[in-house]
Amino acid sequence: KGVLAFHTADGKLAWSVAAGEQSYSSVQVVNVFDKQLLALLSDTGAQFWDMTGKSVLDYSWPHGGYRALQPQITDGDKLLIATGMGTGTRLVQLKNDAGKISGQEVWTSRDLKPDFNDVMVHKGYVYGFDNRIFTCIDLSNGKRKWKGGRYEKGQALLCADSDLIIVVGETGGLFLLRANPERHEEL
């Protein structure tokens with residue numbers, strides 16, 4: 001079973017559900033249509049469950065390898081699925097029809113293909129690693145705004161209130177970027 005829930009009082013298994021064949025992603029709590037749900041990306045796509053383990057959405061987007069990234073909810077009703085190894089990034093419009101949640105593809109872009117590095121959504125743009133090069137794409141259409149900064153497969157942290165991104169390069173360098181959709185701006 002892919003996802004296991006345990007009772008905190010005694011550690012006994014509360015429930016378990018299957019979740020694809022492989023994933024390095026972690027289960028996380030997300031808010032969708034004013035409901036707290038559990039979400040996970042796997043090789044089969046994105047799965048959402050309520051807190052009892054009941055499937056709420058199983059969005060199919062198969063990938064031939066593992067997924068290590070977190071699904072992101074944007075604007076309260078959109079799902080961003082980022083995948084490396086050539087698959088790319090997809091934006092999905094979520095719909096709630098009388099309590100039944102479904103998803104429909106808005107766009108799929110190969111301009112951002114992150115592997116182990118989660119992406120950051122900020123003011124209508126998505127920032128992250130396209131393999132080893134830092135990249136910005138437009139959230140509305142998935143088109144690349146810029147690509148620059150060879151930080152290998154580093155990690156990044158968005159400081160949203162300051163419009164800054166802190167990047168730790170895989171080889172140990174520390175970089176400060178402006179979250180600027182118009183150009184790669186290393187400060």
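A nonpolar surface patch is made of nonpolar side chains joined within 5 Å, from residues with over 30% relative accessible area and no salt bridge. In this predicted model, such a patch of about 540 Å² is formed by Leu157, Ile166, Val168, Leu174, Leu176 and Leu187. Two strands, β16 (164-168) and β17 (174-178), are the elements that contribute two or more residues to the patch. Leu176 belongs to strand β17, and its relative accessibility of 35% places Leu176 in the partly exposed class. Because patch members need over 30% relative accessible area, Leu176 qualifies at 35%.

Charged side chains offer a second theme. Side chains of opposite charge can pair when their charged atoms come close. The structure contains 14 salt bridges. One of them joins the side chains of Lys123 and Asp163, with an N to O distance of 3.0 Å. Lys123 sits in the loop between β11 (120-122) and β12, while Asp163 sits in the loop between β15 (155-159) and β16, so this pair ties together parts of the chain that are 40 residues apart in sequence. The two partners can also be described by their surroundings: Lys123 is exposed, with a relative accessible area of 60%, whereas Asp163 is partly exposed at 23%.

Asp130 deserves a closer look, as it takes part in a salt bridge with Arg144 and in another with Lys147. In the pair with Arg144, the closest N and O atoms are 3.5 Å apart. Arg144 lies in strand β14 (residues 144-150) and Asp130 in strand β12, so the contact ties together parts that are 14 residues apart in sequence. In the pair with Lys147, the closest N and O atoms are 2.7 Å apart. Lys147 is likewise in strand β14, and this bridge links it to Asp130 in strand β12 across 17 residues. Asp130 is buried, with a relative accessible area of 3%. Its partners are partly exposed, Arg144 with a relative accessible area of 34% and Lys147 with 39%. These contacts belong to a network of salt bridges that links Asp111, Lys113, Asp130, Arg144 and Lys147.

The cysteines tell a simpler story. A disulfide is a covalent bond between the sulfur atoms of two cysteines. A search of the whole structure finds zero disulfides. Cys136 is in no disulfide, and the nearest cysteine sulfur, that of Cys159, is 16 Å away. Seen from the other side, the cysteine sulfur closest to that of Cys159 is in Cys136, and at 16 Å it is too far for a bond. A disulfide would need the two sulfur atoms to be within 2.5 Å. Cys136 is buried, at 0% relative accessibility, while Cys159 counts as partly exposed at 25%.

Finally, the backbone shows two residues with positive phi that are not glycines. Ala98 has a phi of about 55° and is located in the loop between β9 (88-97) and β10 (100-109). With a relative accessible area of 81%, Ala98 is exposed. Asn131 has a phi near 60°, again a positive value in a residue other than glycine. Asn131 is placed in the loop between β12 (125-130) and β13 (133-138), and its relative accessible area of 38% makes Asn131 partly exposed.

Methods
Residues are numbered from 1 along each chain as its sequence is written. This is a predicted model: local features need pLDDT of at least 70, side-chain atom pairs count only at pLDDT 80 or more; totals for chains, interfaces and linings use all residues. Side-chain values use heavy atoms; hydrogens and water are left out. Patches are made of residues with over 30% relative accessible area and no salt bridge: like charges are joined within 9 Å, nonpolar side chains (Val, Leu, Ile, Met, Phe, Trp, Tyr) within 5 Å. Accessible areas come from the Shrake-Rupley method with a 1.4 Å probe; for residues, only the protein chains shown count as cover. A salt bridge is a side-chain nitrogen of Lys or Arg within 4 Å of a carboxyl oxygen of Asp or Glu. Helices (H or I, at least four residues) and strands (E, at least two) are DSSP runs, numbered from the N terminus. Buried means under 20% relative accessible area, exposed over 50%, partly exposed in between (1.4 Å probe, protein chains only).
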